[in-house]
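Work through the exercises below with the structure open beside you. Try each task before you read its solution.

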Amino acid sequence: MTGAVTRVEVNGREYLFGADPVVVICVDGSAPAYHERAVEAGRMPWLAGLLASTGAGAGAGTGTSWPAHGAMPALTNPNNLSIATGRPPAVHGISGNTYWDDASGTELPMTSPDLLRAPTLFAAAHAGGLGVAVVTAKDKLRRLLGTGLDAPGPARTGAPRPGAVCFSAEQAGAARIETNGIADVPGLIGRAVPEVYSAELSEFVLAAGVALLRDRRPDLTYLSLSDYVQHKHAPGTAAANDFYAMIDRYARALDELGATIVLTADHGMSAKSDAHGRPRVVHLCDEIARLLDGRADLRVVLPITDPYVAHHGALGSLANVHVVGGVESAASAGTAAAVAEALATLDGVQATYLRADAAREFAMPADRLGDVVVLADAATVLGKRAAAHDLSGLDVPLRSHGGLGELAVPFIVNRKLIRPPAALGLGAPARHGNPAAVVHNYDAFYAATTLAWLSRTAAEAAPRPRPAP
C-alpha cells in the first residue's frame with residue numbers, strides 16, 4: 001500500500017509527501033545536451049539506467065524523463081524561486097537577478113525576501129512539520145530561498161525540531177545554528193569550502209545533500225548548483241563530462257539512501273560568440289541612440305547582472321528598456337512602441353515586446369519589467385555600451401543565457417511516473433523553436449510528491465496478471 005501521506009498546500013497546489021524523502025537537484029545552466037552527451041560517453045551510468053529503453057522505444061529503465069521548459073527570463077533567481085514556489089515569476093514576483101527600483105532610482109539585486117510575493121513550498125512544508133534542507137552554491141539565493149524558514153516547527157513525532165537547514169556552499173564556513181540551522185558544515189562533509197568560481201562549489205552542495213540525508217533525513221531537500229562549468233565548457237567536452245559524472249555519483253548515493261529525486265535546471269546555456277571566438281553582442285544604448293537619433297530618454301537594465309559577472313560580463317539574452325518617467329502619457333507610450341519597432345530590426349534580436357505583452361506571453365510580473373522587453377536570439381547577447389562590460393575575466397568564448405534559446409531544460413525522475421493528465425495544465429506547446437513541454441522545471445516538487453504518489457496508487461490498483469494454469 002502507498003501508506004499515509006502528509007498534505008501541504010501552497011500557492012494553489014497540494015503536495016502529497018509519502019514516506020520517501022524528496023530531493024530536487026537544480027543543475028544550473030544545464031541544457032539537456034549536457035547529460036545526453038555524458039550518457040553517450042558512458043560517464044553517467046546511474047542516469048543511463050534510469051533512462052534505458054529498448055529498441056522499440058518502450059521504457060526499460062527505472063525512471064522518467066520528460067521534455068520541460070524553464071520560466072522566463074531564463075535566469076537563475078527567477079527560476080530557482082519558481083521551483084521553490086511551484087509557480088512562474090508572474091506569481092512570485094522575482095523577474096531577474098537585477099531590476100530597476102523606482103523608489104531608490106537605481107538598479108538593485110533581487111535578493112531581498114521583501115521582494116518575494118508568494119510563500120515557498122519550503123516554508124509551508126516546514127510549518128506543517130516536515131524537515132527541510134536547502135543548500136545553494138552561491139549565497140545570492142540563500143536569503144530568498146530561506147524566506148520563512150527561520151521559525152521552528154514540530155517534527156512528525158511531536159518532538160521539538162530546530163529551524164530548518166538553509167545555507168550556501170559559498171558561505172558554509174560561516175554557517176551558524178541561529179541563522180542557518182546548522183554549524184560546522186565543512187566538518188560534516190569533510191571538505192574545505194571551495195572557491196566560488198569552481199566546479200567544486202557544486203560538488204560541495206551535493207556532498208552536503210548526501211550528508212544531510214544520511215544524518216538528518218529531511219523530508220524535503222533542495223540542492224541548487226552553480227553554472228561555472230556550463231559557462232566555460234560546451235556539452236560533450238572533457239570538463240563537462242567530468243562534471244556530469246560527478247553529479248551522477250552523488251545522485252546515485254541519494255538514490256541509495258531512498259530518496260525520490262528530480263534532476264532539472266533553472267535554464268540552459270548557449271554559445272554566444274562568432275567563429276573567431278568574439279562575443280556576439282548588441283549594445284542597446286548605442287543602437288537606440290543611432291536608431292532614434294537621441295530623441296528618447298531611455299534606461300537599459302540587464303537582469304542577468306549579479307555579483308558573479310566574471311564568466312558572463314553581465315551579458316545575457318534578455319534586456320529591459322525603461323522610458324524615463326514611465327509611459328503614462330501618449331507621447332511616452334509612443335516612444336516605447338517606436339523603440340520596440342526599431343530594435344526588432346537589428347541582427348541578433350529575436351523579438352521585442354511591450355511590457356504588458358511580455359508579461360502575458362511569458363508569465364512575468366509586469367511591474368518589474370521594462371517598458372520594452374528585448375530578446376536576443378540563441379547566438380547573441382544584449383549589452384548596454386561596450387565600455388560598460390568588463391570581459392577581462394573571459395578566458396574562453398562567451399557562453400550565456402537569459403532568452404528563449406535557453407528555455408529547454410532536463411526533467412528526470414528516478415521513479416516511473418504517470419504522464420500528467422491534460423487537465424492539470426502542467427506543460428506548454430512547442431514555441432519559439434523549443435519542443436513541446438510535458439512539464440516546467442517548477443513542477444519538480446509536485447512531480448516528486450503528488451505525481452509520484454498518484455503513480456504508486458495507480459500501479460497498486462492495476463489488475464495483476466493471473467498465473468498460468
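Rings of Phe, Tyr and Trp (its six-membered ring) pair if their centres lie within 6.5 Å. Keep in mind that the model is predicted.

**Exercise 1. Aromatic rings**

Task: Find how many aromatic pairs a search of the whole structure gives, and classify the pair Tyr353 and Phe362.

Solution.
- Step 1. The search of the whole structure finds 8 aromatic pairs.
- Step 2. A pair of aromatic rings is described by the distance of the centres and the angle of the planes.
- Step 3. For Tyr353 and Phe362, the centres are 5.2 Å apart and the planes stand at 80°. Planes over 60 degrees apart count as edge-to-face. The pair Tyr353 and Phe362 is therefore edge-to-face.
- Step 4. Check burial, for which the cut-off is under 20% relative accessible area. Tyr353 has 15%, so Tyr353 is buried. Phe362 has 6%, so Phe362 is buried too.
- Step 5. Look for a cluster. Tyr34, Phe243 and Tyr244 form one.

**Exercise 2. Charges over rings**

Task: Which rings lie under the charged ends of Arg13 and Arg368?

Solution.
- Step 1. Start with Arg13. Its charged end sits over the ring of Tyr446, 4.5 Å from the ring centre.
- Step 2. Go on to Arg368. Its charged end sits over the ring of Tyr99, and the distance to the ring centre is 6.0 Å.

**Exercise 3. A helix checked by its length**

Task: Test whether the ends of helix α11 (residues 238–256) are as far apart as its 19 residues suggest.

Solution.
- Step 1. The expected span is 1.5 Å times one less than the number of residues. For the 19 residues of α11 this gives 27 Å.
- Step 2. The end C-alpha atoms of α11 are 27 Å apart, which agrees.
- Step 3. Now look at the helix residues. Buried ones in α11 include Phe243, Tyr244, Ile247, Tyr250, Ala251 and Leu254.
- Step 4. An α-helix has 3.6 residues a turn, so residues three or four places apart point the same way.
- Step 5. Look past the helix. Gly258 follows α11 and has a positive phi, near 95°.

**Exercise 4. A hairpin**

Task: How do strands β1 (residues 6–10) and β2 (residues 13–17) run, parallel or antiparallel?

Solution.
- Step 1. β1 and β2 are joined by 5 bridges and run antiparallel.
- Step 2. Follow two bridges into β2. Val8 has Tyr15 as its partner, and Glu9 has Glu14.
- Step 3. Inspect the turn. With 2 residues between them, β1 and β2 form a hairpin. Asn11 in the turn has a positive phi of about 55°.
- Step 4. Check the cover. In β2, 4 of the 5 residues are buried.

**Exercise 5. A sheet and its edges**

Task: Why is one side of β22 left without a neighbour in the sheet?

Solution.
- Step 1. Read the strand order. The open sheet of 3 strands runs β22-β5-β24, with mixed pairing.
- Step 2. β22 (408–409) and β24 (439–440) stand at the edges. Each has a single partner strand, so one side of each lacks a neighbour in the sheet.
- Step 3. Take β5 (residues 68–69) and β24. They run parallel and are joined by 2 bridges. Ala68 stands opposite Val439 in β24.

**Exercise 6. Three residues and their surroundings**

Task: Are Thr352, His35 and Asn79 buried or exposed?

Solution.
- Step 1. Thr352 is found in strand β18 (residues 349–354). Its relative accessible area is 19%, so Thr352 is buried. Its side chain reaches the backbone oxygen of Ala340 at 2.8 Å. Among the residues Thr352 touches are Leu343, Val372 and Val374.
- Step 2. His35 lies in helix α1 (residues 32–40). Its value is 9%, so His35 is buried. Its side chain reaches the backbone oxygen of Pro32 at 3.2 Å. His35 touches residues including Met44, Tyr244 and Pro410.
- Step 3. Compare sequence and space. His35 and Pro235 are 200 residues apart along the chain, yet their C-alpha atoms are separated by 7.8 Å.
- Step 4. Asn79 lies in helix α3 (residues 76–85). At 0%, Asn79 counts as buried. Asn79 touches residues including Gly70, Asp266 and Asn441.

Technical notes: Residues are numbered from 1 along each chain as its sequence is written. This is a predicted model: local features need pLDDT of at least 70, side-chain atom pairs count only at pLDDT 80 or more; totals for chains, interfaces and linings use all residues. Side-chain values use heavy atoms; hydrogens and water are left out. Two strands pair if DSSP finds at least two bridges between them. Buried means under 20% relative accessible area, exposed over 50%, partly exposed in between (1.4 Å probe, protein chains only). A polar contact is a pair of N or O atoms within 3.5 Å; within protein, one must be able to donate a hydrogen and the other to accept it, and residues adjacent in sequence count only if both atoms are side-chain atoms. Contact means heavy atoms within 4.5 Å. Rings of Phe, Tyr and Trp (its six-membered ring) pair if their centres lie within 6.5 Å; planes under 30 degrees apart count as stacked, over 60 as edge-to-face and the rest as tilted. A charge sits over a ring if NZ of Lys or CZ of Arg is within 6 Å of the ring centre and within 35 degrees of the ring normal.
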